[in-house]
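This briefing introduces one protein structure to a reader who has not met it before. Please keep the sequence and the model in view while reading the points below.

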Amino acid sequence: MPKRVFVHVPYLQIEQHLPFILERRLNPEIFFSADALDALAPSQLAATADALKGAGLSCTIHAPFMDLNPGSFEKMLRAATVRRFQQVLDAAQTLRPEVMVFHPGFDRWRYGEAAAQWLELSVAVWREVLVRAEEIGTVIAVENIFEEEPSTLKALFEAVEHQRFGHCFDVGHWNLFKKVGMAEWFEALGGRIAEVHIHDNGGTRDEHAPPGEGGIDFKQFFDLMERYAPDAAYTIEAHSMKDLERSLEALKPYLG
């Protein structure tokens, strides 16, 4: 059965890429950087939403993440994080995405000895975000970034425990930082996956290469997805048109 396929598009480049997206009937995952949010024109956002709706296409959103942390011990940084999150939720009010992807902001080198405090601060922010998510009708998916194993994200999901709060499994990030196998990760979080990010690498840097050009076992990945989260959104995170074309070709056997 064909999957719900999305492709990564920075919002600052949306006008440039929209004709290609519409012609190829590709659903975009729209990334809003902080600069994009500051320059946002409501009329352009509405035009993008209308163009996608008119073509019968959907979208997801990738929220800003650079230097943001919902569990930061510095309250001014948490306030800045909440401000950016509210801005991207305002954009979602117009675009009505199926899923919104956020970064968790955790890494064990900074918070390993104080993970419980980070979790408590973070939960309060996510509960605020989820009030808006309910109004919009979207799902919030927290992506693995530096996580070496799933326990920290599992604790976050269990602490919040909301039907619109799930996981975005980034298979490329897993391959970079993993200390557990893919099957073990899915055993812990597979049932919470709302979206996946698909790209490949050789295990040493975040290359965002097309599948099959790195070291990830994509047959195992898609077998696990079929078992645990067959209805998730599948986002191809290619960072160039050339890589997107190669990715689409490589994924035909899996995505239909």
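Is S151 buried, partly exposed or exposed? With a relative accessible area of 38%, S151 is partly exposed, since that value falls between the 20% limit for buried residues and the 50% limit for exposed ones. The model discussed here is a predicted one. The points below turn to a helix, a pocket, aromatic rings and a loop residue.

**Helix α7**

- S151 is located in helix α7, which spans residues 151-160.
- Buried positions of this helix are T152, L153, L156, F157 and V160.
- These buried residues sit on the same side of α7, because the arc they cover around the axis is only 135 degrees.
- The partners against which the buried residues of α7 pack are two helices, α6 (115-136) and α9 (182-189), and two strands, β5 (139-143) and β6 (165-170).
- After α7 comes E161, which has a positive phi, near 45 degrees.
- From S151 to Y228 the C-alpha separation is 18 Å, and the two residues are 77 residues apart along the chain.

**The largest pocket**

- The volume of the largest pocket is about 560 Å³.
- Its lining consists of 28 residues, and those nearest the centre of the pocket are F65, M66, H103, I145 and F146.
- Two elements, α5 (108-111) and α8 (171-177), each give two or more residues to this lining.
- The greatest contribution to the lining of the largest pocket comes from α8, which supplies three residues.
- By type, the lining of the largest pocket comprises twelve nonpolar, ten polar and six charged residues.

**Aromatic pairs and a cluster**

- In total, the structure contains 20 aromatic pairs.
- One of these pairs joins F31 and F65, whose ring centres are 5.7 Å apart; the planes meet at 35 degrees, so the pair is tilted.
- F31 belongs to strand β2 (residues 27-31), whereas F65 lies in the loop between β3 (60-62) and α4 (75-95), so this pair ties together parts that are 34 residues apart in sequence.
- The two partners have their own accessibility classes: F31 is buried, at a relative accessible area of 18%, while F65 is partly exposed, at 30%.
- F65 also appears among the residues nearest the centre of the largest pocket.
- Another tilted pair is made by F218 and F222, with ring centres 6.5 Å apart and planes at 35 degrees.
- F218 and F222 are four residues apart in helix α10 (residues 218-228), so about one helical turn separates them.
- F218 is buried at a relative accessible area of 5%, and F222 is likewise buried at 7%.
- F218 and F222 are members of one aromatic cluster, which also includes F169, W185, F186, F221, Y228, Y234 and Y254.

**Loop residue K179**

- Where is K179 found? K179 is part of the loop between α8 and α9.
- K179 is exposed, since its relative accessible area of 60% lies over the 50% limit.
- Leaving aside residues up to four places away in sequence, K179 touches R108 and E148.
- The C-alpha atoms of K179 and M76 are separated by 33 Å, and these residues stand 103 residues apart along the chain.

Notes. Residues numbered from 1 in each chain as written. Predicted model: local features only at pLDDT ≥ 70, side-chain atom pairs only at ≥ 80, totals over all residues. Heavy atoms only, no water. 1 Å grid on protein atoms, 1.4 Å probe; cavity = no way out; pocket = protein on both sides within 12 Å on 5 of 7 lines; lining within 4 Å. Points joined across faces, edges and corners; volume = space filled by probe spheres on them. Nonpolar A, V, L, I, M, F, W, Y, C, P; charged D, E, K, R; others polar. Buried < 20%, exposed > 50% of the residue type's maximum accessible area, 1.4 Å probe, protein only. Arc of directions from axis to C-beta. Contact = heavy atoms within 4.5 Å. Phe/Tyr/Trp six-rings, centres within 6.5 Å; stacked < 30°, edge-to-face > 60°.
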